[in-house]
Every structure is written in structure tokens, then in C-alpha cells.
Amino acid sequence: RFVAAFEYMRTYGNDGDREWASAHIGNRTIGEFVAGLEESRNANEGGKSKKKKKNGYDDDIDDAHFKSTTSFLFLPNGELGVDLLLCAERWDESMDRL
């Protein structure tokens with residue numbers, strides 16, 4: 001999901017998505033982007049609160065496309081609620097697994 005969101009935001013997103021990507025991703029590779037997130041997370045450790053963004057998100061990444069999707073995968077009792085996860089970037093290979 002993270003990789004797909006990274007590419008979507010830079011390439012296919014709407015005007016707001018691409019504006020966010022331009023400001024937060026720029027020309028960085030995904031590895032450079034992750035390294036920057038790790039640096040930011042380390043800087044926020046030690047009891048410092050994270051800044052709340054204007055759109056209401058207060059996580060390390062302030063965009064909904066990068067939010068955790070675990071609530072879509074797990075049942076209320078904590079059990080995994082899917083039988084198989086497929087990779088969109090390798091769709092043909094994923095379909096062969098079915």
C-alpha cells in the first residue's frame with residue numbers, strides 16, 4: 001500500500017495529491033522519502049508531540065493515502081479477515097496465484 005500510494009501521489013493523484021507530493025516528496029526516491037520519515041520520527045521521540053496538520057491528521061505522514069489500512073484487513077476480534085493479499089504492481093502474477 002505504501003509503495004502504491006507513493007507512486008500514485010507523484011503521478012496519478014488529483015491536483016491536491018500532486019501538490020502534496022511536490023511539497024513532501026519532491027524528486028526523492030522512495031528510499032530517500034522513508035529515510036526522511038525515519039529522521040522525522042526520531043526527532044519527535046522523547047515526549048515531543050507531533051504537529052497537528054491543517055487537515056486534521058497528526059501522524060508522521062499527514063495524507064490519507066498513507067494512513068494505515070489495517071482496519072480494512074482485520075476483523076473486530078483481531079483475526080485477519082482476508083484469505084489472500086494480492087499485489088497491484090504485479091497483477092498478472094497475483095492472478096496466477098488464485
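Colleague: Happy to look at this together! In which helix is Trp 20 found?

Modeller: Good place to begin. This is a predicted model, by the way. Trp 20 is found in helix α2.

Colleague: And how do I place that helix in the whole chain: how many helices and strands does the protein chain have?

Modeller: Five helices and zero strands. Reading along the sequence gives the pattern α-α-α-α-α.

Colleague: Back to the tryptophan, then. Is Trp 20 buried or exposed?

Modeller: The idea is to compare the relative accessible area with a cut-off, and buried means under 20%. Trp 20 has a relative accessible area of 11%, so it counts as buried. As for its surroundings, the C-alpha atoms of Trp 20 and Arg 10 are separated by 8.7 Å, with the two residues 10 apart along the chain.

Colleague: Which residues make up the largest nonpolar core?

Modeller: In general, nonpolar side chains in soluble globular proteins tend to be buried together. Here the largest nonpolar core has nine residues: Ala 5, Phe 6, Met 9, Trp 20, Ala 21, Ile 25, Phe 33, Leu 37 and Phe 66. The elements giving two or more residues to this core are α1 (2-11), α2 (15-24) and α3 (30-44). With three residues, α1 supplies the largest share.

Colleague: Nice. What percentage of the protein chain's residues count as buried?

Modeller: Of its 98 residues, 17% do. On the outside, the chain exposes about 7600 Å², and carbon and sulfur atoms supply 50% of that area.

Colleague: How should I read the contacts by sequence separation? What share of them join residues at least 24 apart?

Modeller: Take the contacts between residues at least 6 apart in sequence as the reference set; 37% of those join residues at least 24 apart.

Colleague: Let me try the other end of the chain. Where is Ser 94 found, and is Ser 94 buried or exposed?

Modeller: Ser 94 is found in helix α5, residues 91-97. Its relative accessible area is 4%, so Ser 94 is buried. Leaving out residues up to four places away in sequence, Ser 94 touches Leu 86 and Cys 87.

Colleague: One last feature, the pockets. Which residues line the second largest pocket?

Modeller: Its lining consists of Arg 1, Val 3, Ala 4, Leu 85, Leu 86, Cys 87, Ala 88 and Glu 89. You will recognise Leu 86 and Cys 87 as the residues that Ser 94 touches. By type, the lining divides into six nonpolar, no polar and two charged residues. The space in this pocket is about 260 Å³.

How values were computed: Residues are numbered from 1 along each chain as its sequence is written. This is a predicted model: local features need pLDDT of at least 70, side-chain atom pairs count only at pLDDT 80 or more; totals for chains, interfaces and linings use all residues. Side-chain values use heavy atoms; hydrogens and water are left out. Helices (H or I, at least four residues) and strands (E, at least two) are DSSP runs, numbered from the N terminus. Buried means under 20% relative accessible area, exposed over 50%, partly exposed in between (1.4 Å probe, protein chains only). Contact means heavy atoms within 4.5 Å. Accessible areas come from the Shrake-Rupley method with a 1.4 Å probe; for residues, only the protein chains shown count as cover. A nonpolar core is a set of buried Ala, Val, Leu, Ile, Met, Phe, Trp, Tyr and Cys residues joined through side-chain atoms within 4.5 Å. On a 1 Å grid over the protein atoms alone, a cavity is a set of points where a 1.4 Å probe fits but cannot get out, and a pocket is an open set with protein on both sides within 12 Å along at least five of seven lines; lining residues have an atom within 4 Å of a point. Grid points are joined across faces, edges and corners, and a volume is the space filled by probe spheres set on the points. Ala, Val, Leu, Ile, Met, Phe, Trp, Tyr, Cys and Pro count as nonpolar, Asp, Glu, Lys and Arg as charged, and the others, Gly among them, as polar.
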